[in-house]
Each structure stands twice: as C-alpha cells, then as structure tokens.
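Q: Please take a close look at one part of this model. I am new to it, so keep the steps short.

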Amino acid sequence: MQAAALKLYAAPPEPMNRQDYRDAMSRLAAAVNVVTTDGPCGRAGFTATAVCSVSDDPPTLLVCLNRSASAHAAVVGNGNLCVNLLSAEQSDVSNLFGGKTPMAERFTADRWSISPNGSPVLAGAALAFDCRITQVTSVATHDVLFCEVLGVTLAEQANALLYFDRSYHPLPVSL
C-alpha cells in the first residue's frame, strides 16, 4: 500500500492581514472550555475554544495553547489536563481564566474536585475530559497538545456555553 502524498500549497503573494483573520475567526462559533492542570509544575488553567476531537481509538483530543500563556509551563510540564466544557451559566469562570487574574485566584471562584489523573474538575461543568498529554507540536505562536482521554464526567443535564461574534451565547438542552 502506498502512502498518500503530502500536498503543499503555494503561499499567497501577500500574507493575510492579521486583523481580517481575527475578525473572520470571531464568526466561527466554538464551545468554551476551561483547561486545568495540577502536578509538580503547579496548578494552572486557561480558557480555550481551540479544542476538538482527533480520534476515538484511542479517544484523543487536541488543545491549542499559546506558548506565551501564563499556564503554558505548568500544563506542558505536568503532562496532564482536564478539559471542562462550561455550561451557559459559567461565563464568569471563562472570563476569570481568560484574563489577567493571578493563577491562584482563578481557582477560588468556584468549587473543584480532582480527577483520577490529578487535574482540577469544575463543579457544574457540562462535561469534563480527564487527559494525559501524549504529544506536543509547535505551530506558529501555539503548541498543539494531543491528549489521550482517560475518563469523562458528564453532567446529568447541562447546556453549553458558546463563543460567537465576540460574545457568549447559551446552547440550551434539547427537550
């Protein structure tokens, strides 16, 4: 069996304007997550919308993390994380973990438990993926973390928080 050839695309004559790209990306609706870690490199967390499924065999997510983020060293150093999908009522938690709030203060605003893998799990989250990082790939300003899912916690009934057009929107549970 022959491997598929990698297709390379020619670069456009001029790079895309950064602000045009950011404006376009603001129209891409995304789930809002708080990604947390704890371990020898410290307790840390950040808000992320760049989270998606890679595979179900083994169950794997990818999480994008800016290398200049205050949580970067702890997340990568600990090698474990929890992706907490926020419910519609938790936009304040998103703001807390997405801003300039000191790391220790981020965890005082809500209730937390600890996953079997050692990461903080947010009470009231719509779901939580307990993961270990299996691979890190650097692309531009970010690291792409490939995370094997070791366990999932699902809320009995929860809606989700979406981010679209630079604001939060609830995604209600279907009846």
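A: Contact here means heavy atoms within 4.5 Å. The model is a predicted one. Start with Cys147. Leaving aside neighbours within four places in sequence, Cys147 is in contact with Pro59, Thr60, Leu61, Val63 and Leu81. Cys131, Arg132, Ile133 and Thr134 are also in contact with Cys147.

Next, the core around this residue. Cys147 is among the residues with the most contacts inside the largest nonpolar core, which has 18 residues. Val35, Phe46, Val63, Val75, Leu81 and Leu145 are named there too. Several elements give two or more residues to this core. They are strand 3 (44-48), strand 5 (59-66), helix 2 (72-78), strand 6 (80-85), strand 9 (127-139) and strand 10 (142-154). A second, separate core has eleven residues, including Val34, Leu96, Leu122 and Leu161.

Now follow one contact of Cys147 outward. Thr60 lies in strand 5. Its relative accessibility is 14%, so Thr60 counts as buried, the cut-off being under 20%. Not counting residues up to four places away in sequence, Thr60 touches Cys52, Ser53, Val54 and Ser55. Thr60 also touches Cys147, Glu148 and Val149.

Arg132, another contact of Cys147, leads to a charged pair. Side chains of opposite charge can pair when their charged atoms come close. The side chains of Arg132 and Glu148 meet in a salt bridge, at 2.7 Å from N to O. Arg132 belongs to strand 9 and Glu148 to strand 10, and the two are 16 residues apart. Arg132 is partly exposed, because its relative accessible area is 38%.

The count of salt bridges comes to five. One of the others joins Asp23 and Arg166, with the closest N and O atoms 2.8 Å apart. This pair links distant parts of the chain, 143 residues apart. Asp23 sits in helix 1 (residues 18-25), and Arg166 in the loop between strand 11 (160-164) and strand 12 (167-171). Asp23 counts as partly exposed at 32% relative accessibility. Arg166 is also partly exposed, at 45%.

Last, the open space. The largest pocket holds about 1800 Å³. Of the 45 residues that line this pocket, Arg22, Thr47, Thr49, Ala50 and His142 are the closest to its centre. The lining divides into 27 nonpolar, 13 polar and five charged residues.

Key:
Residues are numbered from 1 along each chain as its sequence is written. This is a predicted model: local features need pLDDT of at least 70, side-chain atom pairs count only at pLDDT 80 or more; totals for chains, interfaces and linings use all residues. Side-chain values use heavy atoms; hydrogens and water are left out. A nonpolar core is a set of buried Ala, Val, Leu, Ile, Met, Phe, Trp, Tyr and Cys residues joined through side-chain atoms within 4.5 Å. Buried means under 20% relative accessible area, exposed over 50%, partly exposed in between (1.4 Å probe, protein chains only). Helices (H or I, at least four residues) and strands (E, at least two) are DSSP runs, numbered from the N terminus. On a 1 Å grid over the protein atoms alone, a cavity is a set of points where a 1.4 Å probe fits but cannot get out, and a pocket is an open set with protein on both sides within 12 Å along at least five of seven lines; lining residues have an atom within 4 Å of a point. Grid points are joined across faces, edges and corners, and a volume is the space filled by probe spheres set on the points. Ala, Val, Leu, Ile, Met, Phe, Trp, Tyr, Cys and Pro count as nonpolar, Asp, Glu, Lys and Arg as charged, and the others, Gly among them, as polar. A salt bridge is a side-chain nitrogen of Lys or Arg within 4 Å of a carboxyl oxygen of Asp or Glu.
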